[in-house]
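Please look through the structure shown below with its covalent cross-links in mind, and then follow the explanation outward from them to the rest of the chain.

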Amino acid sequence: MKALVLTLALLSSAGMAAAQTRPSTVSRPCAASQHDVRANGAIVLGTGGYTYDRFVRDRSFCERDETTEPAFVPSRDSQSCFIGYRCKSRSNFFDD
């Protein structure tokens, strides 16, 4: 019984670690990240080190009270690659 519990615990932790990996824009060509955003509509991509963000194809992937702003990220072949948009709150309360 203990072996079964230990095996399940190890498998579930390995599954969680695999679920947390995401493509990194800095290690891929700009076109690959652009394609992922267009194909998925919305996707979370790593942007270097431990940073990441959610990128969208258009406003239809944002909440009703959000708008889009252009998103530029570093890529393997460009320091400033336009890959799509970020959703941003329209409320002045939440603005940076």
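The link of C62 and C87 is left-handed, with -85° about the S-S bond. C62 belongs to the loop between β2 and β3 whereas C87 belongs to strand β4, so this pair ties together parts that are 25 residues apart in sequence. The sulfur atoms of C62 and C87 lie 2.0 Å apart, in a model that, it should be said at the outset, is predicted. The two ends of this disulfide fall into separate classes of accessibility, because C62, at 13% relative accessibility, counts as buried, while C87, at 22%, counts as partly exposed, the limit for a buried residue being under 20% relative accessible area.

How many disulfides does a search of the whole structure find? The search finds two, and the other one joins C30 to C81, with an S to S distance of 1.9 Å. With 80° about the S-S bond, the link of C30 and C81 is right-handed. Because C30 lies in helix α2 and C81 in strand β4, this pair ties together parts that are 51 residues apart in sequence. C30 is buried with a relative accessible area of 12%, and C81 is buried as well, with a relative accessible area of 1%. When the bonded cysteines are counted along the chain, the disulfides follow the pattern 1-3, 2-4.

These cross-links are set in a chain whose secondary structure comes to two helices and four strands, arranged along the sequence in the pattern α-α-β-β-β-β. Of the 96 residues of the chain, 25% count as buried. The accessible surface comes to about 6800 Å², and carbon and sulfur atoms account for 57% of that area. Among the contacts between residues at least 6 apart in sequence, 35% join residues at least 24 apart.

Within the strands, β1 (residues 42-48) and β2 (residues 51-56) pair in the antiparallel sense over six bridges. In this arrangement A42 stands opposite V56 in β2. The hairpin formed by β1 and β2 has two residues between the strands, and G49 takes a positive phi near 60° there. In a regular strand the side chains alternate between the two faces of the sheet, which is a useful point to keep in mind when turning from the backbone to the packing of side chains.

Which residues make up the largest nonpolar core? There are nine residues in all, namely C30, V37, I43, L45, F55, A71, V73, C81 and I83. The elements that give two or more residues to this core are α2 (30-40), β1, β3 (66-75) and β4. In soluble globular proteins, nonpolar side chains tend to be buried together. Both cysteines of the right-handed disulfide, C30 and C81, are members of this core. If residues up to four places away in sequence are not counted, C30 touches S75, D77, C81, F82 and I83, and of these contacts C81 and I83 also belong to the core.

The charged side chains add a further set of links, for a search of the whole structure finds three salt bridges. In one of them the side chains of R86 and D53 meet, at 2.5 Å from N to O. R86 lies in strand β4 (residues 78-89) and D53 in strand β2, so the pair ties together parts that are 33 residues apart in sequence. At 27% relative accessibility, D53 counts as partly exposed.

Are the side chains of the salt bridge between D36 and R28, whose N to O distance is 2.7 Å, buried or exposed? D36 counts as buried at 16% relative accessibility, and R28 is likewise buried, with a relative accessible area of 17%. In the remaining salt bridge, R57 is joined with D58, and the closest N and O atoms are 3.6 Å apart. Here R57 is partly exposed, with a relative accessible area of 35%, and D58 is also partly exposed, with a relative accessible area of 30%.

Taken together, strand β4 is a place where several of these links come together, since it holds C81 of one disulfide, C87 of the other and R86 of a salt bridge.

Terms used: Residues are numbered from 1 along each chain as its sequence is written. This is a predicted model: local features need pLDDT of at least 70, side-chain atom pairs count only at pLDDT 80 or more; totals for chains, interfaces and linings use all residues. Side-chain values use heavy atoms; hydrogens and water are left out. Buried means under 20% relative accessible area, exposed over 50%, partly exposed in between (1.4 Å probe, protein chains only). Contact means heavy atoms within 4.5 Å. Accessible areas come from the Shrake-Rupley method with a 1.4 Å probe; for residues, only the protein chains shown count as cover. Two strands pair if DSSP finds at least two bridges between them. A salt bridge is a side-chain nitrogen of Lys or Arg within 4 Å of a carboxyl oxygen of Asp or Glu. A nonpolar core is a set of buried Ala, Val, Leu, Ile, Met, Phe, Trp, Tyr and Cys residues joined through side-chain atoms within 4.5 Å. A disulfide is a pair of cysteine sulfur atoms within 2.5 Å.
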